[in-house]
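Work through the exercises below with the model open beside you. Try each task before reading its solution.

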Amino acid sequence: MSGVSLRPMRWWDIAPAARIDRDRFGETAWTEAQFWGELAQPTRFYVVAEDPDAGVVGYAGLWLMPPDSDVQTLAIAAGWERTGLGSRLLGRLLEEADQRGCTRTILEVRADNSRAINLYARHGFATISRRSSYYGPGLDAVIMCRDLRYAS
Ligand SMILES: CC(C)(COP(=O)(O)OP(=O)(O)OC[C@H]1O[C@@H](n2cnc3c(N)ncnc32)[C@H](O)[C@@H]1OP(=O)(O)O)[C@@H](O)C(=O)NCCC(=O)NCCS
């Protein structure tokens, strides 16, 4: 796993990223057109995790609007989880947010996605609210925030 490196997402990463997205998010997955739309925005920062043999095995994206930023997406290919890649990608997004003067980062995550919620909590995110049926009937969202002004 140590051979996996992080680099900015390019247009040729869209097809493999969209495949992982479909696999991980099912019917709520982004289309390739949505990824194209994201990469076209100068306010976005997207990174991929690339293995020399397997290619793109994860990706993450951030919307920068200093002093705020928003985690747009984060996913690791099945079979590549629990090796620290999610943490590395999220860490890279937050490093970029810090460098660009964003003191607050917000995200939404499904309330039943405890693996992701734990990952975000380890990176300083706290739950600030909950949106009922945000992802569909009975599928609540948790809103999490990392605010450097209140960080210890
Ligand atoms: C949520 C997600 C991004 C986490 O990615 P990940 O690469 O597994 O994350 P990490 O490896 O950094 O950490 C996950 C767990 O693995 C553990 N871990 C990290 N490195 C490890 C290692 N070398 N050996 C064993 N466990 C390890 C972490 O401690 C953590 O444990 P926890 O879940 O009990 O807290 C991934 O599961 C995913 O893509 N899920 C589907 C899409 C999704 O839900 N995205 C988030 C939408 S908001």
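**Exercise 1: Backbone outliers in loops**

Arg82 sits in the loop between E4 and H3. Helices (H or I, at least four residues) and strands (E, at least two) are DSSP runs, numbered from the N terminus. Residues are numbered from 1 along each chain as its sequence is written. This is a predicted model: local features need pLDDT of at least 70, side-chain atom pairs count only at pLDDT 80 or more, and totals for chains, interfaces and linings use all residues.

Task: Find the phi of Arg82 and of Ser133, then decide whether each residue is buried or exposed.

Solution.
- Step 1. Phi of Arg82 is near 60°, a positive value in a residue other than glycine.
- Step 2. Apply the neighbour count: a residue is buried if 20 or more other C-beta atoms lie within 10 Å of its own, exposed if 12 or fewer, and partly exposed in between, with C-beta atoms placed from the backbone. Arg82 has 8 C-beta neighbours inside 10 Å, so Arg82 counts as exposed.
- Step 3. Turn to Ser133, in the loop between strand E6 (126–131) and strand E7 (141–147). Its phi is near 50°, again positive in a residue other than glycine.
- Step 4. Ser133 has 10 other C-beta atoms within 10 Å and is therefore exposed.

**Exercise 2: A proline pair**

Task: State what the peptide bond from Pro66 to Pro67 is, and where Pro67 is found.

Solution.
- Step 1. The bond from Pro66 to Pro67 is cis, with omega near 10°.
- Step 2. Pro67 belongs to the loop between strand E3 (55–65) and E4.

**Exercise 3: Two helices in contact**

Task: Describe how H1 and H2 cross, and which residues make the contact.

Solution.
- Step 1. Take the axes, lines fitted to C-alpha atoms, for helices over the stretch in contact; angles run from 0 to 180 degrees between N-to-C directions. Those of helix H1 (residues 14–25) and helix H2 (residues 32–39) come within 9 Å and cross at roughly 125°.
- Step 2. Classify the angle. Under 35 degrees counts as roughly parallel, over 145 as roughly antiparallel, 65 to 115 as roughly perpendicular and the rest as oblique. H1 and H2 are therefore oblique to each other.
- Step 3. List the contact, where two residues count if their C-beta atoms, placed from the backbone, lie within 7 Å. H1 brings Ile14, Ala15, Ala17 and Ala18, while H2 brings Glu32, Phe35 and Trp36.
- Step 4. Sort these residues. Ala, Val, Leu, Ile, Met, Phe, Trp, Tyr, Cys and Pro count as nonpolar, Asp, Glu, Lys and Arg as charged, and the others, Gly among them, as polar. The contact of H1 with H2 has six nonpolar residues, no polar and one charged.

**Exercise 4: The ligand shell**

Task: Say which residues come nearest to the ligand, and which element gives the largest share of the shell.

Solution.
- Step 1. A residue is near a molecule if its C-beta atom, placed from the backbone, lies within 6 Å of it. Of the 17 residues around the ligand, Glu81, Arg82, Gly86, Ser87 and Asn118 come nearest.
- Step 2. Strand E4 (68–76), helix H3 (85–99) and helix H4 (114–122) each supply at least two shell residues. H4 gives the largest share, four residues.
- Step 3. The shell divides into seven nonpolar, six polar and four charged residues.
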